[in-house]
Each structure stands twice: as structure tokens, then as C-alpha cells.
Amino acid sequence: MVDYKNFIVLRELSAELLLEVVREGELRISAQLESANAADQRAMTWAGMLTAIDTAAIGGTVTLGVTEQHWILICVGTAFVSVMLIATFMAVSAARPSEFAFPGNETKNWFPKEWEGYGEEDLDMAQARIEQAKALQSAIEKNKQWAKDTTDQLRLSIDLTFWAVLSSAVLFGLSLGWIAIAT
């Protein structure tokens with residue numbers, strides 16, 4: 001939560017400088033929006049790719065079961081599918097629409113009674129810009145948290161996929177070797 005009291009010091013700035021503070025905050029939110037759109041595209045692409053892999057892996061594992069292949073191959077396939085489904089869920093979660101703070105301001109925020117400085121400060125353009133700067137900072141912080149959360153989910157999905165593929169490849173290889181020796 002952004003503390004309004006930290007923004008009172010902006011009153012000491014010239015009107016031109018205060019305008020620049022607001023402009024820079026709006027630019028920051030616009031840049032965050034561009035980055036968020038790119039992140040959403042990456043997450044959607046990754047989720048789509050994992051869904052295709054899951055479908056193939058489920059089909060392969062079911063085929064192993066139906067054709068009564070060795071139980072160890074079915075277990076490895078089932079474990080792989082399970083981890084991949086979790087990775088897919090994480091990717092889909094990262095791609096889901098969420099509340100994102102956009103550039104600009106809501107009209108209701110311009111009502112003086114909505115201002116945190118209402119009754120304490122002059123209702124002038126300087127105060128309006130201070131209020132806008134505070135709103136922008138709050139939006140920027142909210143967007144940063146959203147970006148961190150979705151990045152963490154997508155990275156976890158990628159990490160799970162890597163380890164699922166690597167460990168399943170090793171286990172399948174070992175299983176096939178064991179089956180060859182046993183038969």
C-alpha cells in the first residue's frame with residue numbers, strides 16, 4: 001500500500017516538475033502493460049505446447065497399458081503425465097486474465113472527496129497531480145507484484161517440464177535396459 005504522506009513532499013516541486021512526475025509514472029505503467037502483454041503471449045504459447053505434449057503423453061501411456069506392456073513403463077509414463085499436467089496447470093494459471101492496473105485514472109478518483117489530501121490541502125492542480133502520482137505509484141506496485149507472481153508460475157512450469165522430461169528419459173532408458181536383461 002502506498003502511503004499518501006510520502007507524496008506530500010511533491011508539493012515543493014514546480015508545476016512543470018510535478019507534471020513530469022506524473023508523465024513518467026504513466027510511461028512506466030504503459031511499459032509494464034507492454035511487458036505484461038508479452039508475458040501473457042509467452043504463457044499462452046507455453047501452455048498450448050504443454051497441452052499438446054500432455055495429450056501425446058497420455059495417449060502413449062494409455063497405449064502402453066492397453067497393449068499390456070511392462071508395468072514399469074506404464075508407471076514411468078503415468079508419473080511423467082502427472083508432472084506434466086501440473087506444469088500445464090501452472091502455465092495456464094500464469095496466462096489467466098488478472099487484474100492489471102492500466103495507464104490513466106478512473107473518473108471517480110477526480111472527485112475531491114476521494115483525494116487523500118481532501119480537507120488538508122488546497123484543491124488545485126498541484127494537489128491533483130500529487131493524487132495522480134500516488135495513484136500511479138500504487139498501480140506500479142500492484143503491477144510489479146502481478147509480474148512477479150506470473151513469472152514465478154511460468155518459471156516453475158518450465159522447471160517442472162525440464163525435470164519431468166529429463167527424469168522420464170533416464171527412467172525409460174533404465175526400464176528398457178532392465179526389461180532387456182530380464183527377458
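A residue is termed buried when its relative accessible area is under 20%, exposed when that area is over 50%, and partly exposed in between. In the predicted model examined here, Asp-124 has a relative accessibility of 29% and is therefore classed as partly exposed.

Asp-124 takes part in a salt bridge with Arg-11, the side chains meeting at 3.2 Å from N to O. This contact links distant parts of the chain, since Arg-11 belongs to the segment before α1 (15-66) whereas Asp-124 is found in the loop between α2 (71-95) and α3, 113 residues apart. Arg-11 is likewise assigned to the partly exposed class, because its relative accessibility is 26%.

In total, the structure holds 5 salt bridges. Another of them joins the side chains of Lys-142 and Glu-99, with an N to O distance of 3.7 Å. Lys-142 is part of helix α3 and Glu-99 is part of the loop between α2 and α3, so this pair ties together parts that are 43 residues apart in sequence. The two partners fall into separate accessibility classes: Lys-142 is partly exposed at 39%, whereas Glu-99 is exposed at 65%.

A further salt bridge is formed within helix α1, where the side chains of Arg-23 and Glu-20 meet at 2.8 Å, N to O. These residues are 3 positions apart in the helix, which means that about one helical turn separates them. Arg-23 has a relative accessible area of 41% and is partly exposed; Glu-20, at 28%, is also partly exposed. Both residues belong, together with Glu-24, to a network of salt bridges.

Helix α3 also contributes to the surface features of the model. A nonpolar surface patch of about 630 Å² is made by Phe-162, Trp-163, Leu-166, Val-170, Leu-171 and Leu-174. Among these residues, Trp-163 lies in helix α3 and has a relative accessible area of 53%, so Trp-163 counts as exposed.

The largest pocket has a volume of about 490 Å³. Its lining comprises 21 residues, and those nearest the centre of the pocket are Asn-105, Glu-106, Asn-109, Ala-135 and Leu-136. Helix α3 (residues 125-182) supplies the largest share of this lining, with 9 residues. In terms of residue class, the lining consists of 10 nonpolar, 5 polar and 6 charged residues.

Terms used:
Residues are numbered from 1 along each chain as its sequence is written. This is a predicted model: local features need pLDDT of at least 70, side-chain atom pairs count only at pLDDT 80 or more; totals for chains, interfaces and linings use all residues. Side-chain values use heavy atoms; hydrogens and water are left out. On a 1 Å grid over the protein atoms alone, a cavity is a set of points where a 1.4 Å probe fits but cannot get out, and a pocket is an open set with protein on both sides within 12 Å along at least five of seven lines; lining residues have an atom within 4 Å of a point. Grid points are joined across faces, edges and corners, and a volume is the space filled by probe spheres set on the points. Helices (H or I, at least four residues) and strands (E, at least two) are DSSP runs, numbered from the N terminus. Ala, Val, Leu, Ile, Met, Phe, Trp, Tyr, Cys and Pro count as nonpolar, Asp, Glu, Lys and Arg as charged, and the others, Gly among them, as polar. Patches are made of residues with over 30% relative accessible area and no salt bridge: like charges are joined within 9 Å, nonpolar side chains (Val, Leu, Ile, Met, Phe, Trp, Tyr) within 5 Å. Accessible areas come from the Shrake-Rupley method with a 1.4 Å probe; for residues, only the protein chains shown count as cover. A salt bridge is a side-chain nitrogen of Lys or Arg within 4 Å of a carboxyl oxygen of Asp or Glu. Buried means under 20% relative accessible area, exposed over 50%, partly exposed in between (1.4 Å probe, protein chains only).
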